[in-house]
Amino acid sequence: MSLIAIVDIAHPDLALTPTIRACPDVSIEAVSHSTTDPETGMFFFLVEGADETFDEALERDHTVAAWSLVDDLGSTRLYRLQHTEGTKLVSPKTTELGGLLLRAESNDRGWTVRLHLPDREELATLWEYCEHEGISFELYRMFRREEWSEGISPELTDEQRVALVTAYEEGYFEEPRETSLEELADVLDISPTAVGGRIRRGTGQLVSTTLLEE
């Protein structure tokens, strides 16, 4: 059986933390395949709501050695980054313990990560590692998954789940709509761009895990 843990991590030297705190309305998601191979030194991130201010924050970010804009899709941009030597990362330790970093999405203080680990012992070891490194480690949820191919629940982040539930309760999915992205942004205290991104990504994840077949 595999162990899935959803954890909030934070530290001033954690990857992109200065940029995250300088641009609280921007949503950043790590491209998962790059986080499982940290030896390459290059990491890819999808960013919702990025503009010149975000690029300026990257220039000032002491965890970023080099960066480039790979693609601009309008509301979403794809960036490629190389971190400085002193940047703190949890993905190498997770890999060392036989685990995977399945998802990483920015929050107000740092990152919300979804981890796949062999067992509770490895989770405890990762917690001890973070404590030694001074990395805040707050466990949100933990559950076991016996099979990868059957009974998979949608892998929504807490932010996506809250955005979707709030949008449903406020009538965003009604016809005609009873609320707007701007009004939802006021309720959630984030930007309309961030709300729209969370709803789109959350809806996409629901579709991929509940409607699509192999």
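Start with the lining of the largest cavity in this predicted model, where the residues divide into 12 nonpolar, 3 polar and 1 charged. To centre your view, select Ala15, Leu89, Leu101, Ala104 and Trp111, which are the closest to the cavity centre of the 16 residues that line it. The space they face has a volume of about 150 Å³. Now colour three strands: strand 3 (43-48), strand 6 (100-106) and strand 7 (111-117) each supply at least two residues of this lining.

**The second cavity**

How many cavities of 30 Å³ or more does the structure hold? There are 2, so let us visit the other one. Select Ile6, Arg103, Thr112, Val113, Arg114, Thr157 and Asp158, the residues that line the second largest cavity. About 40 Å³ of space lies inside this second cavity. Strand 7 gives the most to its lining, with 3 residues. By class, you will find 2 nonpolar, 2 polar and 3 charged residues around the second largest cavity.

**Salt bridges around Glu29**

Keep Arg103 selected and add Glu29: their side chains meet in a salt bridge, with N and O 2.9 Å apart. This pair links distant parts of the chain, since glutamate 29 is in strand 2 (residues 27-30) and arginine 103 is in strand 6, 74 residues away. Are these two residues buried or exposed? Both glutamate 29 and arginine 103 are buried.

Next, add arginine 201. Glutamate 29 forms a salt bridge with this residue too, and the closest N and O atoms are 3.3 Å apart. Here the link runs from strand 2 to helix 8 (residues 192-210), joining positions 172 residues apart. Why does glutamate 29 count as buried? Its relative accessibility is 13%, and buried means under 20%. Arginine 201, with a relative accessible area of 19%, is buried as well.

**A bridge at helix 5**

Move on to glutamate 133 and lysine 88, whose side chains meet in a salt bridge of 2.8 Å, N to O. Glutamate 133 lies in helix 5 (residues 120-133) and lysine 88 in the loop between strand 5 (76-83) and helix 4 (91-96), so the pair ties together parts that are 45 residues apart in sequence. Show the surface and compare the partners: glutamate 133 is partly exposed, with a relative accessible area of 25%, whereas lysine 88 is buried at 17%.

For the wider picture, select Glu29, Glu48, Arg103, Glu105, Arg200 and Arg201, which salt bridges with shared partners join into one network. Across the whole structure, a search finds 10 salt bridges. Side chains of opposite charge can pair when their charged atoms come close.

**Last stop: threonine 179**

Finally, zoom in on threonine 179, in the loop between helix 6 (158-169) and helix 7 (181-188). Threonine 179 is buried because its relative accessible area is 9%, and the cut-off for buried is under 20%. Show its neighbours: leaving aside residues up to four places away in sequence, threonine 179 touches Glu170, Gly171, Tyr172 and Leu184. Then display the side chain of glutamate 183, which makes a polar contact of 2.9 Å with the side chain of threonine 179. To finish, draw a C-alpha to C-alpha distance from threonine 179 to glutamate 169: the two are 10 residues apart in sequence and 9.9 Å apart in space.

Notes. Residues are numbered from 1 along each chain as its sequence is written. This is a predicted model: local features need pLDDT of at least 70, side-chain atom pairs count only at pLDDT 80 or more; totals for chains, interfaces and linings use all residues. Side-chain values use heavy atoms; hydrogens and water are left out. Helices (H or I, at least four residues) and strands (E, at least two) are DSSP runs, numbered from the N terminus. Buried means under 20% relative accessible area, exposed over 50%, partly exposed in between (1.4 Å probe, protein chains only). Contact means heavy atoms within 4.5 Å. A polar contact is a pair of N or O atoms within 3.5 Å; within protein, one must be able to donate a hydrogen and the other to accept it, and residues adjacent in sequence count only if both atoms are side-chain atoms. On a 1 Å grid over the protein atoms alone, a cavity is a set of points where a 1.4 Å probe fits but cannot get out, and a pocket is an open set with protein on both sides within 12 Å along at least five of seven lines; lining residues have an atom within 4 Å of a point. Grid points are joined across faces, edges and corners, and a volume is the space filled by probe spheres set on the points. Ala, Val, Leu, Ile, Met, Phe, Trp, Tyr, Cys and Pro count as nonpolar, Asp, Glu, Lys and Arg as charged, and the others, Gly among them, as polar. A salt bridge is a side-chain nitrogen of Lys or Arg within 4 Å of a carboxyl oxygen of Asp or Glu.
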